[in-house]
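This briefing covers one protein chain, topic by topic. The sequence and structure come first, and the notes follow.

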Amino acid sequence: MPGDARNREEPLRAARQALGPARARAAEERGAAMSLAAAVEYALLLTEHRGPRQTPDGPGLGGLSARERELVTLVAQGRTNAQIAAELYISVHTVRSHLDRIRDKTGARRRADLTRLALTEGLV
């Protein structure tokens, strides 16, 4: 086995062992549908010693409409505003407007914050 592959296999083996078979399989399935950044964030959430982050006092997605939750999911999957617009048959301006409202409701300012929320809420 080449050195690079060996360097990748050990952390994967450790993560699978830490998660257990069922959680590792679920992480792999979810990870296949995510962007690299979202997959890394998800892996970090799963491997925290206290489990996924729960912020009872922090912002959540409970106050979002179904359409807004759909946009958060697409952002978490790594889609650009233009890709979201094309997929939902809306304009880029409308995507920006939706994201502004989502940010106002959740307090999440960056796409990474929206991705973290989506992962915590189980949207991706």
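Glu68 is buried, with a relative accessible area of 4%, in what is a predicted model. Its charged side chain is nevertheless paired: Glu68 forms a salt bridge with Lys105, the closest N and O atoms being 2.8 Å apart. Glu68 belongs to helix H4 and Lys105 to helix H6, so the pair ties together parts that are 37 residues apart in sequence. Lys105 is partly exposed, at a relative accessible area of 47%.

**Other salt bridges**

- The structure holds 7 salt bridges.
- Side chains of opposite charge can pair when their charged atoms come close.
- Glu70 pairs with Arg67 in a salt bridge whose closest N and O atoms are 3.2 Å apart.
- Glu70 and Arg67 are separated by about one helical turn, because they are 3 residues apart in helix H4.
- Glu70 is partly exposed, with a relative accessible area of 33%, and Arg67 is partly exposed, with a relative accessible area of 31%.
- Arg116 and Asp113 meet through their side chains in a salt bridge, at 3.1 Å from N to O.
- Arg116 and Asp113 are 3 residues apart in helix H7, so about one helical turn separates them.
- Arg116 counts as partly exposed, at 23% relative accessibility.
- A network of salt bridges links Arg110, Asp113 and Arg116.

**Asp113 and helix H7**

- Is Asp113 buried or exposed? Asp113 counts as buried, because its relative accessibility is 17% and the cut-off for buried is under 20%.
- A polar atom of the Asp113 side chain lies 3.4 Å from the backbone nitrogen of Arg109.
- Asp113 and Ala76 are 37 residues apart in sequence, and their C-alpha atoms are 9.2 Å apart in space.
- The buried residues of H7 are Asp113, Leu114, Thr115, Leu117, Ala118 and Leu119.
- Gly122, just after H7, takes a positive phi of about 75°.

**Nonpolar core**

- The largest nonpolar core has 19 residues, and those with the most contacts inside it are Leu71, Val72, Ile84, Val95, Leu99, Ile102 and Leu114.
- At least two residues of this core come from each of helix H4 (66–76), helix H5 (81–88), helix H6 (92–106) and helix H7 (111–120).
- Which helix gives the most to this core? H4 does, with 5 residues.
- Ile84 touches Leu71, Leu74, Val75, Arg79, Val95 and Arg111, leaving aside residues up to four places away in sequence.

**His98 in helix H6**

- His98 is placed in helix H6 and is buried, with a relative accessible area of 13%.
- Not counting residues up to four places away in sequence, His98 touches Arg67, Leu71 and Ile90.
- Two of these partners recur elsewhere in this briefing: Arg67 forms a salt bridge with Glu70, and Leu71 is among the residues with the most contacts inside the largest nonpolar core.

**Surface**

- The accessible surface of the protein chain comes to about 7700 Å², and 54% of this belongs to carbon and sulfur atoms.
- Leu36, Val40 and Leu44 make a nonpolar surface patch of about 310 Å².
- Leu44 is placed in helix H3 (residues 36–47) and is partly exposed, with a relative accessible area of 49%.

**Overall composition**

- The protein chain contains 7 helices and 0 strands, and along the sequence it follows the pattern α-α-α-α-α-α-α.
- Of the 124 residues in the protein chain, 32% are buried.
- Among contacts in the protein chain with a separation of 6 or more, 56% involve residues 24 or more positions apart.

Terms used:
Residues numbered from 1 in each chain as written. Predicted model: local features only at pLDDT ≥ 70, side-chain atom pairs only at ≥ 80, totals over all residues. Heavy atoms only, no water. Core = buried A, V, L, I, M, F, W, Y, C linked by side-chain atoms within 4.5 Å. Buried < 20%, exposed > 50% of the residue type's maximum accessible area, 1.4 Å probe, protein only. Helix = DSSP H or I, 4+ residues; strand = E, 2+ residues; numbered from the N terminus. Contact = heavy atoms within 4.5 Å. Areas by Shrake-Rupley, 256 points an atom, 1.4 Å probe, with all protein chains shown as cover. Patch = residues over 30% accessible without salt bridge, like charges linked within 9 Å, V, L, I, M, F, W, Y side chains within 5 Å. Salt bridge = Lys/Arg side-chain N within 4 Å of Asp/Glu carboxyl O. Polar contact = N/O pair within 3.5 Å; in protein donor to acceptor, adjacent residues only side chain to side chain.
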